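Me: Could you take me through one part of this model in some detail? I would like to see how that part sits in the rest of the fold.

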Amino acid sequence: MASSGEKAGDKYRSFLDDEAHEISWRHGGPPSYVLTNQLFEEGRTKEWAKGSLEETVQNAIKSWEMELSHKTRLQDLKTINPDKFQLFVNGREGLSGEEVLKLGSYNALLKTSLPEEFKYYKAEEETFTSSHEAFRSAFPRGFAWEVLSVYSGPPVIAYKFRHWGFFEGPFKGHAPTGEMIKFCGFGTLKVDESLKVEDVEIYYDPAELFGGLLKGAPITETSQPTHQACPFSKNVI
């Protein structure tokens, strides 16, 4: 577990310990991705050559996600152009950087326009903290992410990705199954001349994720195990 006084360098993520004393971190210090990195290295299907476009894109997206999840001030984010940044998910209207910081990456990615009775996750009822706690509980070893293909380079980068983890902790009243949950999707990044992100578009099927999470048997509040997640652990991508 990293603490605010430790260096938390990471070979897949830039800016994790860069000028850490000047950054407003959500949990008081830079996070550790040790568990997620281990899951990634054990389960990835691609191992890109060092310095390749694929490795560069993969690490850039991991860095971008880390900043959005762990930094609280837009001006501290070095991977995006704060004046132009927007996130578009499955064709919905774009979210600004400030909106994503407020909502949290999970809620931003899982918002849906489905009728109320068909929503398997109600992002509008979740906070930044509650959403991250729910997924850290479900995936205690992390929720890894890899690039499968890159179809074009800057300024508009198009790529295919894979997300996976093992459902080994409770999720929203559902008992863990221990099974791997995975899904794939497509995305584009529009970057400026400094390679800072201006637009992100992501397309994927949330049912692939929730089909596995809701498969677990219902559990009561009293029988649900308590997971004390390390506040400095992200364990996502």
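In which sense do strand 3 and strand 4 pair, and over how many bridges?

Reply: Strand 3 and strand 4 (residues 156-166) run antiparallel to each other and are joined by eight bridges. Two strands are taken to pair if DSSP finds at least two bridges between them. Strands here are DSSP runs of E with at least two residues, helices are runs of H or I with at least four, and both are numbered from the N terminus. This is a predicted model, in which local features need pLDDT of at least 70 and side-chain atom pairs count only at pLDDT 80 or more, while totals for chains, interfaces and linings use all residues. Residues are numbered from 1 along each chain as its sequence is written, and side-chain values use heavy atoms, with hydrogens and water left out.

A good place to start is Ser 152, whose bridge partner in strand 4 is Ala 158. The loop between strand 3 and strand 4 holds Pro 155, and the peptide bond that joins Pro 154 to Pro 155 is cis, with omega at about 10 degrees. Most peptide bonds are trans, and most residues other than glycine have a negative phi.

Now step back to the sheet. Six strands make up an open sheet with mixed pairing, in the order 2-1-6-5-4-3. Its edges are strand 2 (95-96) and strand 3 (143-152), each of which pairs on one side only. In general, strands of a sheet pair through backbone hydrogen bonds, either parallel or antiparallel. Strand 1 and strand 6 run parallel and are joined by four bridges; there, Phe 88 has Glu 201 of strand 6 as its bridge partner. Strand 5 and strand 6, by contrast, are antiparallel over seven bridges, with Gly 185 partnered by Tyr 204 in strand 6.

Strand 5 and strand 6 form a hairpin with five residues between them, and Leu 195 in the turn has a positive phi of about 65 degrees. Leu 195 counts as exposed, at 55% relative accessibility. For these labels, buried means under 20% relative accessible area, exposed over 50%, and partly exposed in between, with a 1.4 Å probe and protein chains only. The loop between strand 4 and strand 5 holds Lys 172, which has a positive phi of about 50 degrees although it is not a glycine. Lys 172 is partly exposed, with a relative accessible area of 43%.

What lies across your strand pair? Helix 2 (residues 53-70) lies across strand 3 and strand 4, as well as strand 1 (86-89), strand 5 (180-191) and strand 6 (197-204). The helix runs at about 135 degrees to strand 3; the axes are lines fitted to C-alpha atoms, for helices over the stretch in contact, and angles run from 0 to 180 degrees between N-to-C directions. Of the 18 residues of helix 2, 14 are buried, so the helix is largely enclosed by the rest of the structure. At 1.5 Å a residue, helix 2 should span 26 Å, which agrees with the 26 Å between its end C-alpha atoms; the expected span is 1.5 Å times one less than the number of residues.

The loop that leads from helix 2 to strand 1 contains Gln 75, which is exposed at 59% relative accessible area. Gln 75 and Ile 23 are 52 residues apart in sequence and 9.3 Å apart in space, C-alpha to C-alpha.

The largest nonpolar core has 42 residues, and Phe 135, Phe 171 and Leu 213 are among those with the most contacts inside it. Such a core is a set of buried Ala, Val, Leu, Ile, Met, Phe, Trp, Tyr and Cys residues joined through side-chain atoms within 4.5 Å. Beyond its neighbours within four places in sequence, Leu 213 touches residues including Phe 135, Phe 167, Phe 171 and Ile 181, where contact means heavy atoms within 4.5 Å.

Finally, a word on confidence. The mean pLDDT is 88, and 88% of residues reach 70 or more; pLDDT is the predictor's confidence in each residue, from 0 to 100. It would be wise to read two stretches with care: pLDDT stays under 50 over residues 1-8 and over residues 222-233.
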